[in-house]
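Trainee: I have a model open and would like to go through it. Could we begin with one helix and then move on?

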Amino acid sequence: QTESENPNRNKVSKWYLFSRRDEVTARVLKQCFNLHDTRISNPLTRAKVEFVSGATRRGDHLLVGVHDYRLQENERDGVEGYIDDISWVQEIYSDLLSAPDDQAPFEDSGLLTQRLVAHEVLFVYFPATSTLITIGADSTYMVLCGRAIMLNQDSQVRTANARGEVGAGTLLLVLLDSFMDSVFPVLTLLGDAVDGIARLSVRRPEARHVVLAKRVKQQLHKILKHAWQFRFVFLELQQDFHGCVGRPALTESLIRSTKLIQLEAQTHLDYCQSVQDFHLNRLQERLNRTLQTLTGVSVVAIPAQLLTGYFGMNFEGMWLLHWEHGHAFFWAAVATCTAGCAVWFRRAMRPPAPDPRPPPSRSARR
């Protein structure tokens, strides 16, 4: 509980944390706060912002549902939330370290011992009583974020305490801001992974590099979806139709954070696409060389096929049919025609030489 220093707002802000969504949590919320259990227990398919009118003014509350997406240590078991294994990043790291003259792009190898966790987090804010309820989030992580919020005085959102604007509404905004900050380490890890895949593709292109790039793209698409949902929430809170949020202007910095996340994620997506395009171009180049070789062999073999077909008819009265040097003449003709076709094909496939003459000046063109 935190009490505002502003004498005009002598109100105690209360913050309740529920780590899991179970029957006990739903029963407590229904008895103490008159919250319907279906609003608490239903899983979130997308972000939502909903204002619910209670039986009295004290029962009016704001529902904000989001998905938290962050890195978490592998040693912690029993954590509720969707888990994505990122052990394939270790494969990229090992391949890069296999070359003695190369250096892996990962600045912190400790990131490789972590996993991606996505939580469904629901905030219930009662503006009349300045009460905030957090449901479905890791309580340890939330407490650490809340403590850092009270100690950090750098950002515009977290300096509201100095102006006497601290409260559950501001706490709601800064907790959402801390969720957005947790996405940047994930982007850093995925960006390093894309950099490693690109360097492996340049050194030794393989099909599995494309598979790894697709895995990175899947994670980046999830982050983009995550950022779009947060941007929707911040835009709704900024408009503040029901007057729940005391300072909706504080959401400007949060909206800028979503734009930065979207821009960085889109940059990594374009990099992944360039890695895939590079591999496809290498395959196309290899196919073109194979077709060029087969075409050259076919062109060179055409004179031998024509001469063989002509001398294989064996008609009476044919020219050179009964000549004693006809066999030698046949092979000499085949060798000459084949060599001529080979020289012609090589010159035809050679790229044109650049024009040594300088381009005409502007005055000469006039």
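Trainee: Which residues of H1 are exposed?
Mentor: This is a predicted model. In H1, Glu23, Gln31 and Cys32 are exposed. They lie on the other side of the helix from Thr25, Ala26 and Leu29, which are buried.

Trainee: And why do the buried residues of H1 line one face?
Mentor: Viewed along the axis of H1, the buried residues fall within an arc of 100°, so they line one face of the helix. In an α-helix there are 3.6 residues a turn, so residues three or four places apart point the same way.

Trainee: What follows H1?
Mentor: Asn34 follows H1, and its phi is positive, near 55°.

Trainee: Changing topic: how do H5 and H7 run relative to each other, roughly parallel or roughly antiparallel?
Mentor: The axes of H5, residues 168–181, and H7, residues 207–239, cross at roughly 160°. An angle over 145 degrees counts as roughly antiparallel, and H5 and H7 are therefore roughly antiparallel to each other. Their axes come within 11 Å, and H5 passes H7 in a left-handed crossing.

Trainee: Which residues meet there?
Mentor: From H5, Leu173, Leu176, Phe179 and Met180 meet His226, Phe230, Val233, Phe234 and Leu237 of H7. Of the residues in this contact, 8 are nonpolar, 1 is polar and none is charged.

Trainee: And the whole chain: how many helices and strands?
Mentor: The chain has 10 helices and 7 strands. Of its 366 residues, 41% count as buried. Among contacts between residues at least 6 apart in sequence, 74% join residues at least 24 apart.

Methods:
Residues numbered from 1 in each chain as written. Predicted model: local features only at pLDDT ≥ 70, side-chain atom pairs only at ≥ 80, totals over all residues. Heavy atoms only, no water. Axes fitted to C-alpha atoms, helices over the stretch in contact; angles between N-to-C directions. Helix = DSSP H or I, 4+ residues; strand = E, 2+ residues; numbered from the N terminus. Parallel < 35°, antiparallel > 145°, perpendicular 65-115°, else oblique. Left-handed = near helix turned anticlockwise from the far one by under 90°. Contact = heavy atoms within 4.5 Å. Nonpolar A, V, L, I, M, F, W, Y, C, P; charged D, E, K, R; others polar. Buried < 20%, exposed > 50% of the residue type's maximum accessible area, 1.4 Å probe, protein only. Arc of directions from axis to C-beta.
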